[in-house]
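Take a first look at the structure below. This report walks through a few of its parts in turn.

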Amino acid sequence: MALKNTTMKFEWIYRNKQPQRLRDFLNERGLSRSQLKKMKFHGRNLFVNHHYRLTNYYLHYGNVVTMVLNDEAPAPSLVPSNVPLKVIYEDNHFLVVDKPFGVDSIPSVQHPTDTMANRVKGYLIRNHHSRGAVHIIGRLDRNTSGLMLFAKHGYAHSLIDQQRHTGQLKKFYTALVSQPFGAIQHGWINLPLQPSREFYMRGEARVGGKTSISEYWVQRQWHHAAQVRVKILTGRTHQIRIHFASIGHPLLGDDLYFGPQTLIQRQALHCSELRFYHPFLQREVCFRSPLPSDLRKLINNLNNNEN
């Protein structure tokens, strides 16, 4: 059963001997400047020893700081979808879902109403969540399947967004690529990426682009293909697809970077594992997603062709 949101409070005891402004204290706990401005605008969200205080108030040793989160109104332009979600994990702060291929992460001109963001909004509404705002933490390409993380409120979003920069948020992918790697079992791809100058919706590896790093482990090999586990250290658009195409191992089924193929009707890429430090449970959590049926079928076909 989905959890229902109620008034959400966070409480800390100030342990520093030196006085500190309330806003600086909250910045250290992951509150962004924009969030503090919203609190100031809405008012009556921050308390010290149960008394309402402004963010310029000075804290002293032993003060009890309480923050009350506002309900967040969902964006009216985001249309809720009633298509069911496959929920892997849910609590008052985060939602982990398993995305099927063929679905965009966020609305676009071509697909305005049935994306993962639309489906999450519909799910929150159906389950009577008071905070209906959709906070997406990283996107997956339309034809990439696997785990996606959503935050249920702005504070959780801010805390996880910091982990994207520190490396505490880890995403691992399973990819089926063309050509075996031979004796290579582990490697790094460090190629800068930027949008293509010639082809719409494509990216390319080129000097002057944004730093982009992928790490991979070879898990299985066939005569003309390989299965790899990939960890991205940067989250660039089409990063895995471009990186492996650039080193001569384009993803099977990737008609954008490899050309038309018959083995599978989409790029063979699945976000199979997600790890992050849960700031409210104060421990690392890990979620896994098994390969979907079309990738399992592709592996069976590769195995059969070896015989």
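Which helix holds H243? H243 lies in helix α5, which covers residues 239-246. Keep in mind throughout that this is a predicted model.

**Around H243**

Is H243 buried or exposed? Its relative accessibility is 0%, so H243 counts as buried; the cut-off for buried is under 20%. A polar atom of the H243 side chain lies 3.1 Å from the backbone oxygen of L191. L191 is also one of the residues that H243 touches. The others, leaving aside residues up to four places away in sequence, are I189, L193, S212, I213 and S214.

**An enclosed helix**

Helix α3 spans residues 116-126. Nine of its eleven residues are buried, so α3 is largely enclosed by the rest of the structure. Among the buried ones are M116, R119, K121 and Y123. What do the buried residues of α3 pack against? They pack against three strands: β7 (87-90), β8 (94-99) and β10 (145-151). After α3 comes H128, with a positive phi near 60°.

**An open sheet**

Four strands form an open sheet in the order β1-β6-β3-β4. The pairing is antiparallel. Strands β1 (9-13) and β4 (51-52) stand at the edges, each with a single partner strand, so one side of each is left without a neighbour in the sheet. Strand β3 covers residues 46-48 and is joined to β4 by two bridges. In one of these strands sits F47, whose bridge partner in β4 is Y52.

**Cavities**

Rolling a probe the size of a water molecule over the atoms shows where empty space is left. How many cavities of 30 Å³ or more does a search of the whole structure find? It finds two.

| Cavity | Volume | Lining by class |
|---|---|---|
| Largest | about 70 Å³ | five nonpolar, three polar, three charged residues |
| Second largest | about 40 Å³ | seven nonpolar, one polar, one charged residue |

Eleven residues line the largest cavity. Those nearest its centre are M39, K40, L46, Y52 and R53. Helix α2 (residues 33-42) gives the most to this lining, with three residues. Y52 appears here again, after its role as bridge partner of F47.

The second largest cavity is lined by residues including L95, A133, V134, H135 and K152. V120, L124, F150 and A151 also line it. Which elements give two or more residues to this lining? They are α3 and β10. The buried residues of α3 also pack against β10.

Conventions: Residues numbered from 1 in each chain as written. Predicted model: local features only at pLDDT ≥ 70, side-chain atom pairs only at ≥ 80, totals over all residues. Heavy atoms only, no water. Pairing = 2+ DSSP bridges. Buried < 20%, exposed > 50% of the residue type's maximum accessible area, 1.4 Å probe, protein only. Polar contact = N/O pair within 3.5 Å; in protein donor to acceptor, adjacent residues only side chain to side chain. Contact = heavy atoms within 4.5 Å. 1 Å grid on protein atoms, 1.4 Å probe; cavity = no way out; pocket = protein on both sides within 12 Å on 5 of 7 lines; lining within 4 Å. Points joined across faces, edges and corners; volume = space filled by probe spheres on them. Nonpolar A, V, L, I, M, F, W, Y, C, P; charged D, E, K, R; others polar.
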